[in-house]
Structures are given as structure tokens and as C-alpha cells.
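Got your viewer ready? Let's take a walk through this one together, one selection at a time.

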Amino acid sequence: MKPGTTAAACSALLTRDLALVWRRRGDALNPLLFAVMVVALFPFALGPDQVMLERIAAGTIFVAVLLAMLLSLDALFRTDLEDGSLEQLVVSPHPLALLLACKIAIHWLTTALPLLLIAPLAAQLMHLPDVVLPVLLIALALATPLLSLIGAVCVALTVGMRRSGMLLTLLVLPLIVPALIFGAGACNAAQAGLPYVAPLLWLGAWLVLAVVLAPLAAAAALKISLT
Amino acid sequence: MQPLSDEPTPLLEARGLTFARNDEAIFGPLDFALHAGEVVLIEGDNGSGKTSLLKVLSGLLEPTTGEVLLNGTPLTLARLSHQVSLLGHLLGLKLELSALQNLRFAVGLGGIRPGITPQLALASVGLEGYEDQPLRSMSAGQKKRVALARLLLLPAGLWLLDEPYANLDRGGIELVNRLLDHHARRGGAALITSHGAYAYTSGTPRRIPLRAAA
């Protein structure tokens with residue numbers, strides 16, 4: 001790959017961000033521990049009643065995963081803004097939206113993918129019926145990138161502010177409620193033996209839309225944040 | 001200072017450039033041209049808008065009025081070519097990564113000048129043997145030298161340097177001057193900000209005084 005081409009820039013950015021996550025791997029594990037702890041605490045709080053746990057299992061896991069992802073969202077562009085890397089990205093001749101898409105992809109790979117991998121364990125903790133597990137995994141696989149993408153736009157809007165954590169949460173939560181309703185709804189439908197494909201297709205449609213539009217929106221918002 | 005019509009197209013040209021933040025004028029109007037082989041100092045007190053000017057010239061900020069021409073074509077936020085290297089107050093380096101990792105990333109992003117490698121660039125800024133050291137364990141001056149090595153690597157003809165002498169010892173200041181001379185001799189141009197106590201020693205560079213707009 002010739003240095004300086006857009007492909008080389010994306011691969012350099014992916015390599016660098018992966019190396020950075022590896023250097024801060026303690027921080028990267030934080031969302032994972034958070035999600036496991038939340039799911040593990042529910043049976044303690046509500047009692048080990050299998051029927052009730054089965055009923056709330058999918059929703060609980062969904063909420064835990066989405067909240068865990070919110071934890072790491074604020075840091076998505078902050079360090080880059082603080083050390084000037086973001087300026088170098090903007091001044092570079094490559095489309096900013098594409099570079100941001102790479103950063104969002106790394107966020108999903110390093111936060112959501114580990115959460116997806118431990119989801120079967122969380123499902124066991126909550127007595128989720130085995131037939132629902134594939135539906136839960138598919139719903140999470142569609143909803144988590146959606147959160148990474150929507151979250152990135154909100155982070156780009158708020159990153160210029162000094163204390164943006166609270167505002168970010170307020171912005172992101174209403175935007176991901178539909179993903180939660182449809183994702184958890186698909187699991188509940190599967191559990192009740194009802195058709196569950198339609199809500200998953202809706203999630204997929206939103207994901208496709210977000211993959212195209214969110215990086216563009218994030219790039220525009222970041223340029224505003226930099227001024 | 002007005003360029004004659006038979007002169008070659010300047011690398012960088014500003015026409016009636018002003019910048020205002022929240023309706024408060026920061027600088028301008030400014031008219032100047034920067035030709036290949038020139039090193040120009042922007043002088044002004046703290047708060048006179050030097051950093052804002054460099055940001056406008058590199059496309060990070062939109063000018064309020066006027067325009068910036070790069071090689072005769074208007075600069076737009078959307079599209080920049082490999083023509084400008086910016087060295088700001090924030091160096092844009094990752095403290096967790098080594099000098100070499102930082103430079104390799106810069107090369108991937110911005111391309112590379114023919115005939116140079118990241119190792120060579122580090123050696124020529126006096127950081128031989130520090131290739132694999134994380135930047136976190138380096139001094140402020142050494143980090144600055146890594147950023148200078150990035151300037152050497154990238155193929156940009158125009159350097160926009162914001163206070164390049166800050167944090168550097170005497171050897172470092174000489175190094176910056178040497179790099180600037182070398183860059184000018186091979187047809188590059190550089191715009192340097194300085195708050196008066198400038199350290200550029202070779203020849204008498206052209207100066208652009210910057211005063212806060214009335």
C-alpha cells in the first residue's frame with residue numbers, strides 16, 4: 001500500500017487505534033466488567049425465581065450491554081482532541097468521514113464485540129431459554145453498531161465542551177430507545193413463540209442507514225466542535 | 001509586497017483575510033503572499049491571533065472574509081492536498097506509543113517524502129536510539145523533536161509552524177533553523193509564528209506584523 005493514499009491512511013489509523021486500545025487494555029475491560037456485574041446483580045436483587053428471571057432476561061442483558069457501551073463512548077474522540085491528533089486528521093487530505101468511520105469501527109470492535117462474546121454467559125446467569133439466545137445475539141449484533149454510530153455523532157457534537165458526559169447521555173439515550181425496543185422486542189417475541197424477524201429487519205435497516213449517514217454527520221459535527 | 005504579474009504563483013496567498021469570533025475581530029484584514037524558498041515570521045503579542053491565523057491558513061477555521069489560495073487555488077475545508085504540514089501547540093502525538101509508531105502513523109496518513117525513512121528522520125532530529133521509547137517517558141523538548149521529524153517525513157511543501165521554538169534548548173533551536181533552511185533551499189516555504197523574541201537566525205526573514213484588529 002502506497003503511504004498517503006486513503007487506504008493506507010485508514011489502515012494506519014486502524015493499526016494505531018488498536019495499539020492504543022491494547023496499551024490501555026485495563027480501561028477497555030471496564031464496560032465488560034460493568035455489564036457482567038449488572039446482569040449478575042439482578043438475580044441477587046430479585047431472588048432466584050427462574051420464571052421471573054426468564055421473563056426479564058433478554059431485556060436486562062440488552063440494557064446492560066447498551067449502558068456498558070455508553071461508558072466508553074465519551075472517550076471516542078476526546079483524547080484525539082486533547083492531544084491535537086484530531087487536527088492532524090482534519091488537515092490530512094483524506095475524507096474525514098471515512099477516518100471517523102474507522103475510529104467508530106474500532107470502538108465497536110473493542111467494546112461491543114467482547115460484550116457480544118460474553119452475552120451467552122450472561123444469558124446463562126439469567127436463565128434465558130436456549131432457543132432465544134440466537135435471536136438475542138443477532139439483535140445485539142445489529143443494535144450495538146447502531147449505538148456506536150449514533151453515539152459517535154453525539155460525541156462529535158459535545159466533544160468541544162468541557163464537561164459533556166451528562167449532556168452526551170441525555171442526547172444518546174432517547175436516540176437508542178428505538179433500538180432497545182425493537183431488539184428486546186424481538187427476543188420477547190421469540191420467547192413467546194411469536195414471529196420475531198420483522199423487528200430484526202427494522203434494526204438492520206436502521207443500521208444500514210446509520211452506516212452511511214452517521215460518519216458524515218459526525219465529520220460535520222466535529223468540524224464545528226473544533227472551531 | 002504586492003506580487004507582480006510575471007512572478008510565479010505563490011505557494012500560499014492571503015487576500016483580505018479577516019477572522020472574527022463571536023463578532024469580535026481577531027485579526028485582519030491581511031494580504032500577503034508566500035513564495036517557494038521563503039521563510040516568513042508572523043510576529044505579534046500574545047492574543048494577537050497568530051494561532052487563529054495558522055488555523056485559518058491550514059483550513060481548520062473558516063475565514064470571516066477574504067480567501068486563502070494554495071498554489072493559486074482556493075483552499076476549502078472539504079479538500080486539502082498533501083501541501084500543508086501543520087505543527088500546532090498540540091503536537092498531535094500519542095503519548096502511549098513509541099516515536100517510531102507515531103511517525104509510521106503520520107506517514108500512513110500524510111504520505112512520505114522520497115528518500116527518507118522514519119528512522120532517518122528521527123536520527124536527523126537527534127533522537128537516535130529513542131525509536132522505541134514511548135513518548136510518555138520523553139521530555140517536552142524531545143516530544144517536540146518527534147513532531148519536527150514528522151515535518152521532515154511528510155511531503156508537504158508548506159510548513160505552518162506555531163511557536164516551533166517553544167520548549168527547545170539551544171541545540172533544538174539551531175535544529176529548527178537548520179530544518180527551515182534546508183526546507184527553503186529545496187523549494188519549500190514556511191510560515192512561523194513568534195511572540196517577538198524570535199530565534200530565527202539565518203538571514204533576515206520577512207516579517208508580517210499582526211496586531212489585534214481595531
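How many residues of chain A are in contact with chain B, and how many of chain B with chain A? Select both chains: 23 residues of chain A are in contact with 26 residues of chain B, where contact means that two C-beta atoms, placed from the backbone, lie within 7 Å. Before going on, note that this is a predicted model, in which local features need pLDDT of at least 70 and side-chain atom pairs count only at pLDDT 80 or more, while totals for chains, interfaces and linings use all residues. Residues are numbered from 1 along each chain as its sequence is written, and chains are lettered from A and ligands numbered from 1 in the order in which they are written.

**Stop 1: the side of chain A that touches chain B**

Pick out α1 (6-23), α5 (85-91) and α9 of chain A, the elements that each give two or more residues to the side touching chain B. The largest share, 8 residues, comes from α1(A). Helices here are DSSP runs of H or I with at least four residues, strands are runs of E with at least two, and both are numbered from the N terminus.

**Stop 2: two helices of chain A**

Now show α8 (residues 165-191) and α9 (residues 197-226) of chain A. Their axes come within 8 Å and cross at roughly 145°; axes are lines fitted to C-alpha atoms, for helices over the stretch in contact, and angles run from 0 to 180 degrees between N-to-C directions. Where do they meet? On α8(A), click Ala179(A), Phe182(A), Gly183(A), Gly185(A) and Ala186(A), which meet Pro199(A), Leu200(A), Trp202(A) and Leu203(A) of α9(A).

**Stop 3: the sheet of chain B**

Over to chain B, which has 5 helices and 9 strands. Colour its strands and look for an open sheet of 5 strands, in the order β6-β7-β8-β3-β9, with parallel pairing; strands pair if DSSP finds at least two bridges between them. β6 (84-87) and β9 of chain B are at the edges with a single partner strand each, so one side of each has no neighbour in the sheet. From one strand to the next, the twist averages 20°.

Zoom in on β3(B). With β8(B) it shares 5 bridges in the parallel sense, and Ile42(B) stands opposite Thr193(B) there. With β9(B) (residues 206-209), β3(B) pairs over 4 bridges, again parallel, and Val40(B) faces Arg206(B). Add helix α1(B) (residues 50-58): this helix lies across β3, β6, β7 and β8 of chain B, at about 155° to β8(B).

**Stop 4: a helix with two sides**

Select α5(B), residues 170-185. Its 16 residues should span 22 Å at 1.5 Å a residue, and the end C-alpha atoms are 23 Å apart, which agrees; the expected span is 1.5 Å times one less than the number of residues.

Which residues of α5(B) are buried? They are Gly172(B), Val176(B), Leu179(B), Leu180(B) and His183(B). These cover an arc of only 100° around the axis, which puts them on the same side of α5(B); the arc is that of the directions from the helix axis to the C-beta atoms. Buried means 20 or more other C-beta atoms within 10 Å of a residue's own, exposed means 12 or fewer, and partly exposed is in between, with C-beta atoms placed from the backbone.

Covering the buried residues are, among others, β3 (39-43), α4 (140-153), β7 (158-161) and β8 (189-194) of chain B. Spin to the other side of α5(B) and you'll find Arg170(B), Gly171(B), His182(B) and Arg185(B) exposed. Last click: Gly187(B) follows α5(B), with a positive phi near 95°.
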